Amino acid sequence: MLKIIACFKWVIDEQDIRVDQKSRELIMERVGYKISDYDRNAIEEAVRQQEAHGGSVVAVTVGPPGARQSLKDALSRGPERAWFISDPSFAALEPSQTAAILAEAIKTKGEFDLIICGEGSSDLYAQQVGPALAQRLGIPCATYVNKVTLEPGEKKLTAERKLDDGIETVSIQLPALITVLPDINTPRIPSLKQVLGAAKKPVEEIKKSDLGQDFQPRLETISILGATMERRRLKYSAEAADIKAVVDALLKEGVIA
Amino acid sequence: MAGIWIFAESREQTLELISAGTSLARQLDGAAVVTFATSRQLAEEYISCGAGEVLVLPPLAGGQPLEAYVPAIIEAVRGGDPDIFLISATQRGREIAARVAAALDTGLCSGCTALKLDKEKKQLIMERMLYGGAAVQTVVCSGRPQMATIPPRTFEPAAPQEGRQGKITELAGVQPSPVKVVGRAPKAAEAVDITEAKVVVCAGRGFEKKEDLNLAQELAQVTGGAVGCTRPVAEELRWLPEDLYIGISGKKVKPGLYIGLGVAGQIQHVTGMRDSKVVLAVNRDENAPIFDAADYGIVGDLYDVVPKLIKELRIALNK
């Protein structure tokens, strides 16, 4: 039976971040959290493959204890169980740590056929965890996958990768890892019944001590500052005179000719 | 061998990274710039443009993706022990970099948009965007080599200099990758490349139906520009090809003039157009975030404003 792992990350909703215009500090009060946008596609694809071929889907996340609230959301989207790899030190992990932690946890849990990750996380968007995890597990991977066809009987998959210069179709033996693009599917919106049912699904906690390593960062953040943009922010109305004033200003700027 | 190493998918991107690498090398007391190449002919060109040594990868067998080079690159890097390894942030480049960094257990700054060197510590200080472009993160790498992927066109390509000499080393055979390419469908070339346009007219969700995009087309014609769009217009509504969406995961544009029509100004979109010289936005919601990213903001319904704008532009430009 097909065993699928869908990885996801619980991230700050970037729409809630405000920037102090003077200090450029990020104001994180009242920020909400969400399942990273691309990871919703990863979970959805795992569940669709399971619906088509049978087997099982486990949703996996790494994070500090506060990320526990993500599990219900993830499970309401279809996976039948979750692994929560958690430690207070797992806040603000950099991608090489996340990949190393996931790799150790997956090794301790044993068998799988397919791992699905999002193209990148919507907070860091480093696009490293998927391929780095495949490398650490010593399995083949295909990134930027737009379409995947599983042939569980032959233990292989065919994936279409959407690249800048066109579509590349690849064939890989399982076990394998793919990272998926947003247009591979449209994630379902969980029904109330699914949300309520998610609370009853099993969650297995994996602790740092179970993994027997320290997972030091290899990339260190020196600063995070709000991105600034010097713009004039002049406002005009839709009146003819105002529109003429805008056109005159653009001519003066030399950007239209 | 140490020094600054470079791998890129294409010749153009290799030359861009050679330019970045040689400027870092000067600050590192003339460290060597070592570049990978896929042919001897390219190797010679890279040397004339500033590389000190070129490692020539053997040709791939048919049905092998570029990523099949990963084990060979890892082996070469292990043997050469570079200080810095720069890889072009194309899609394939990003996978290759992530796998090399994982194998070497070092840090990788993805999508590095600026880098400078702390000469005393011989440490790269790298910047990248975070939270969909809302913030800039500055990072250093504590592993070795210090690795970064750098988006194409961040640096000017290096130019050839006369009489430069360098070393060419042929790398041994490549093991076949377990990922087999069974088909390739090249993308039809787009008629317009919005990353090259001097004026970009961007259509957002303020448009009510596909046919109304003619207004954007007309405005683009008058201004000699090209039409782009926000992600939902391409990916949810599918009114325009995905090649035309502007944003952190789409196209990055830096035209002289960007005109946003009915664009709300989500941070992921703004990241794709923030380097535009002048920004004009039309939106009926005066609190739309796009106005904070604009030089000129017209508060009004685009269906009212754009025809007036076109008329006024025709007069001003004698068109």
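**Exercise 1. Salt bridges between the chains**

Task: In this predicted model, determine how many salt bridges the rule finds across the interface of chain A and chain B.

Solution. The criterion asks for a side-chain nitrogen of Lys or Arg within 4 Å of a carboxyl oxygen of Asp or Glu. One pair to test is B:Glu95 with A:Arg161, whose N to O distance is 3.4 Å. That pair therefore satisfies the cut-off of 4 Å. Applied across the interface of chain A and chain B, the rule yields 10 salt bridges.

The elements of chain A that each give two or more residues to the side touching chain B are α4 (129-137), β9 (141-151), β10 (156-163), β11 (166-173), β14 (219-226), β15 (234-236) and α7 (240-253). By residue class, that side of chain A divides into 38 nonpolar, 15 polar and 21 charged residues.

**Exercise 2. Extent of the interface**

Task: State what area is buried between chain A and chain B, and which residues of chain A lose the most area to chain B.

Solution. Begin with the contacts: 74 residues of chain A touch 88 residues of chain B. The buried area between these chains comes to about 6,900 Å², and carbon and sulfur atoms give 54% of it. On the side of chain A, the residues losing the most area to chain B are A:Gln135, A:Arg218 and A:Arg231, which together make up 10% of what that side buries. Finally, 49 residue pairs are in polar contact between the two chains, with both residues at pLDDT 80 or more.

**Exercise 3. A sheet with strands from both chains**

Task: Establish which strand of chain B is joined to β11(A), and in which direction the two run, parallel or antiparallel. Then explain why one side of each edge strand is left without a neighbour in the sheet.

Solution. Strand β11 (residues 180-186) of chain B is joined to β11(A) by 6 bridges, and the two run antiparallel. Within this pairing, A:Thr169 has B:Gly183 as its bridge partner.

Next, place the pair in the open sheet of 10 strands, ordered β13(A)-β7(A)-β6(A)-β1(A)-β8(A)-β12(A)-β9(A)-β10(A)-β11(A)-β11(B), with mixed pairing. At the edges stand β13 (203-207) of chain A and β11 of chain B; each has a single partner strand, so one side of each lacks a neighbour in the sheet. On average, neighbouring strands are turned by 30° against each other, direction ignored.

**Exercise 4. A parallel pair and a packed helix**

Task: Identify how many bridges join β8 to β12 in chain A, and which strands α4(A) touches.

Solution. Strands β8 (residues 114-118) and β12 (residues 176-180) of chain A run parallel and are joined by 5 bridges. In this pair, A:Leu114 has A:Ala176 as its bridge partner. Helix α4(A) packs on the sheet and touches β1 (3-7), β8, β9 and β12 of chain A, its direction making about 175° with that of β12(A).

How values were computed
Residues are numbered from 1 along each chain as its sequence is written. Chains are lettered from A and ligands numbered from 1 in the order in which they are written. This is a predicted model: local features need pLDDT of at least 70, side-chain atom pairs count only at pLDDT 80 or more; totals for chains, interfaces and linings use all residues. Side-chain values use heavy atoms; hydrogens and water are left out. Contact means heavy atoms within 4.5 Å. Buried area is the accessible area (1.4 Å probe) that two parts lose on being put together, summed over both. A polar contact is a pair of N or O atoms within 3.5 Å; within protein, one must be able to donate a hydrogen and the other to accept it, and residues adjacent in sequence count only if both atoms are side-chain atoms. Helices (H or I, at least four residues) and strands (E, at least two) are DSSP runs, numbered from the N terminus. Ala, Val, Leu, Ile, Met, Phe, Trp, Tyr, Cys and Pro count as nonpolar, Asp, Glu, Lys and Arg as charged, and the others, Gly among them, as polar. Two strands pair if DSSP finds at least two bridges between them. Axes are lines fitted to C-alpha atoms, for helices over the stretch in contact, and angles run from 0 to 180 degrees between N-to-C directions.
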